[in-house]
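Here's a short set of exercises to work through with the model open beside you. Have a go at each task before you read its solution.

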Amino acid sequence: MNVTELPPLDEYVELQDLLGSVKPAYPTEDSVRWFVRRHRDALAAAGAVIIITGRMRYHPSRFKQAAVEIGQKAAS
């Protein structure tokens, strides 16, 4: 996924706020953190994660779309 325009900052949320929209695929904070560690470059390229003042923020819809694309690549 190539991002030409990123969403506004207020659409990015903290990890706890992301969890509600990604369950049951990622049932815990640790499962999200593991996925981000493994796929950080792809998630950042998709605009799914950003770092502001040293804290990671997540864009829920872009995170879910990037997860699908990463999963599709893993399956092929």
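**Exercise 1. Work out which residues sit on the outward face of helix 1, and what covers its other side.**

Start with the face turned away from the buried side of helix 1: it carries the exposed residues D17 and G20. Here exposed means over 50% relative accessible area, buried under 20%, and partly exposed in between (1.4 Å probe, protein chains only). Helices (H or I, at least four residues) and strands (E, at least two) are DSSP runs, numbered from the N terminus.

A word on the source: this is a predicted model, so local features need pLDDT of at least 70 and side-chain atom pairs count only at pLDDT 80 or more, while totals for chains, interfaces and linings use all residues. Residues are numbered from 1 along each chain as its sequence is written, and side-chain values use heavy atoms, with hydrogens and water left out.

Now turn helix 1 (residues 15–22) around: L15, L18, L19 and V22 are buried. Looking down the axis, these buried residues fall within an arc of 110° (taken from the directions from the helix axis to the C-beta atoms), so they line one face of the helix.

Last step, the cover: it includes helix 2, strand 2 (55–58) and helix 3 (60–75), with contact meaning heavy atoms within 4.5 Å.

**Exercise 2. Find the aromatic pairs that involve F63, and classify their geometry.**

First, the rule: rings of Phe, Tyr and Trp (its six-membered ring) pair if their centres lie within 6.5 Å; planes under 30 degrees apart are stacked, over 60 edge-to-face, and the rest tilted. That gives four aromatic pairs.

Take Y26 and F63: the ring centres are 5.8 Å apart and the planes stand at 75°, so this one is edge-to-face. The pair links distant parts of the chain, with Y26 in the loop between helix 1 and helix 2 and F63 in helix 3, 37 residues apart. Y26 counts as buried at 13% relative accessibility, and F63 does too, at 0%.

Next, F35 and F63: 5.8 Å centre to centre with 65° between the planes, again edge-to-face. F35 lies in helix 2 and F63 in helix 3, so this pair ties together parts 28 residues apart in sequence.

To finish, put the rings together: Y26, F35, Y58 and F63 form one aromatic cluster.

**Exercise 3. Place A44 and decide: buried, exposed or partly exposed?**

Locate A44 in helix 2 (residues 29–45). Its relative accessible area is 42%, so A44 is partly exposed. For scale, A44 and D30 are 14 residues apart in sequence and 19 Å apart in space, C-alpha to C-alpha.
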